[in-house]
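Me: I would like a close look at one part of this model. Please keep to the packing of helices. Walk me through it step by step.

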Amino acid sequence: MKLKHLEMALQRLAGFSRPRAALEQYQTPAPLAARLLYHALMKGDIEGRRVCDLGSGTGVLAVGASLLGAATVTGIEIDEAALVVARENAELLAADVAFIRADVKDGSLPGKTGVFDTVIMNPPFGAQKAHADRPFIDLALALAPVTYGVFNAGSAPFVKTYTEGRGDIAERVGGSFPIKRSFAFHTRDVQDIAVEILRLKRIS
Ligand code: SAH
């Protein structure tokens with residue numbers, strides 16, 4: 001599947017039915033999701049791999065990984081309403097994803113969900129709750145040797161310090177995240193947020 005086709009397929013997926021600001025529920029835009037997934041595919045981290053999407057939300061990343069030939073895909077998400085949307089989205093594109101309701105802060109998750117080859121994630125940026133992305137980074141490093149995550153542009157130094165001794169930033173790819181007006185505190189119809197995709201390698 002070509003990058004453009006992946007992006008067009010992901011564009012068809014439904015968004016959050018009742019987005020919750022406290023959980024920073026922003027659907028990963030299809031062009032950004034497709035770029036992350038395609039990049040990971042080219043690195044050999046998707047096809048035939050066991051992939052886990054942390055904070056899978058509407059399932060865009062998880063569904064895309066399945067379309068690109070992942071061996072298995074697991075989506076972990078705390079919000080039941082988001083899981084409903086994600087399961088419908090997977091069905092729409094005939095993707096094979098196991099969506100599980102769990103809190104990434106649950107320390108027993110690595111034992112319960114097993115081992116993965118690749119984590120993909122678009123965690124909360126910590127705009128509502130400071131450091132909301134930390135448990136995502138911690139769990140990602142516990143679950144898989146390689147992680148692709150979407151972060152606020154300029155996060156690399158923080159992530160580097162935070163993962164010191166546990167992981168290395170192997171790569172950084174810039175991107176943009178157009179956020180549509182979805183919460184009362186949004187003042188514009190669309191606001192472009194600069195983001196970066198970081199590829200983290202666990203130090204083993
Ligand atoms: N890739 C997703 C991005 C969703 S935004 C999509 O395109 O829809 C971040 C997601 O993380 C939200 O769905 C939110 O509900 C979820 N989340 C926030 N805190 C969480 C936690 N502690 N455990 C699991 N999921 C969480």
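Which is the crossing of helix 2 and helix 3, left-handed or right-handed?

Reply: This is a predicted model, in which local features need pLDDT of at least 70, side-chain atom pairs count only at pLDDT 80 or more, and totals for chains, interfaces and linings use all residues. Residues are numbered from 1 along each chain as its sequence is written, and side-chain values use heavy atoms, without hydrogens or water.

Start with your pair. Helix 2 covers residues 30-42, and helix 3 covers residues 60-67 (helices are DSSP runs of H or I, at least four residues, numbered from the N terminus). Their axes come within 10 Å and cross at roughly 45° (axes are lines fitted to C-alpha atoms over the stretch in contact; angles run from 0 to 180 degrees between N-to-C directions). Helix 2 and helix 3 are therefore oblique (under 35 degrees is roughly parallel, over 145 roughly antiparallel, 65 to 115 roughly perpendicular, the rest oblique).

The crossing of helix 2 and helix 3 is right-handed (the near helix is turned clockwise from the far one by less than a right angle; anticlockwise would be left-handed). Helix 2 brings Ala-33, Leu-36 and Leu-37 to the contact (heavy atoms within 4.5 Å). Helix 3 brings Val-60, Leu-61, Gly-64 and Ala-65. By class, that contact has 6 nonpolar residues, 1 polar and no charged (Ala, Val, Leu, Ile, Met, Phe, Trp, Tyr, Cys and Pro are nonpolar; Asp, Glu, Lys and Arg are charged; the others, Gly among them, are polar).

Now add helix 1, residues 3-11. Against helix 2, the angle is about 135°, and the axes are 8 Å apart. Helix 1 is therefore oblique to helix 2. Their crossing is right-handed. Helix 1 supplies Leu-3, Leu-6, Glu-7, Leu-10 and Gln-11 to this contact. From helix 2 come Ala-30, Pro-31, Ala-33, Ala-34, Arg-35, Leu-37 and Tyr-38. These residues divide into 9 nonpolar, 1 polar and 2 charged.

That leaves helix 1 and helix 3. They pack at about 135°, with axes 10 Å apart. The two are therefore oblique to each other. Helix 1 passes helix 3 in a right-handed crossing. On helix 1, the contact residues are Leu-6, Ala-9 and Leu-10. On helix 3, they are Val-60, Val-63, Gly-64 and Leu-67. The classes are 6 nonpolar, 1 polar and no charged.

Next, look at residues that turn up in two contacts. Leu-6 and Leu-10 of helix 1 meet helix 3, and they also meet helix 2. Ala-33 and Leu-37 of helix 2 meet helix 1, and they are part of the contact with helix 3. Val-60 and Gly-64 of helix 3 take part in the contact with helix 1 and in the contact with helix 2.

To trace this on screen, begin at Ala-33 and Leu-37 of helix 2, facing Val-60 and Gly-64 among other residues of helix 3. Then bring in Leu-6 and Leu-10 of helix 1, which belong to the contact with helix 2. Glu-7 of helix 1 and Arg-35 of helix 2 are in that contact too.
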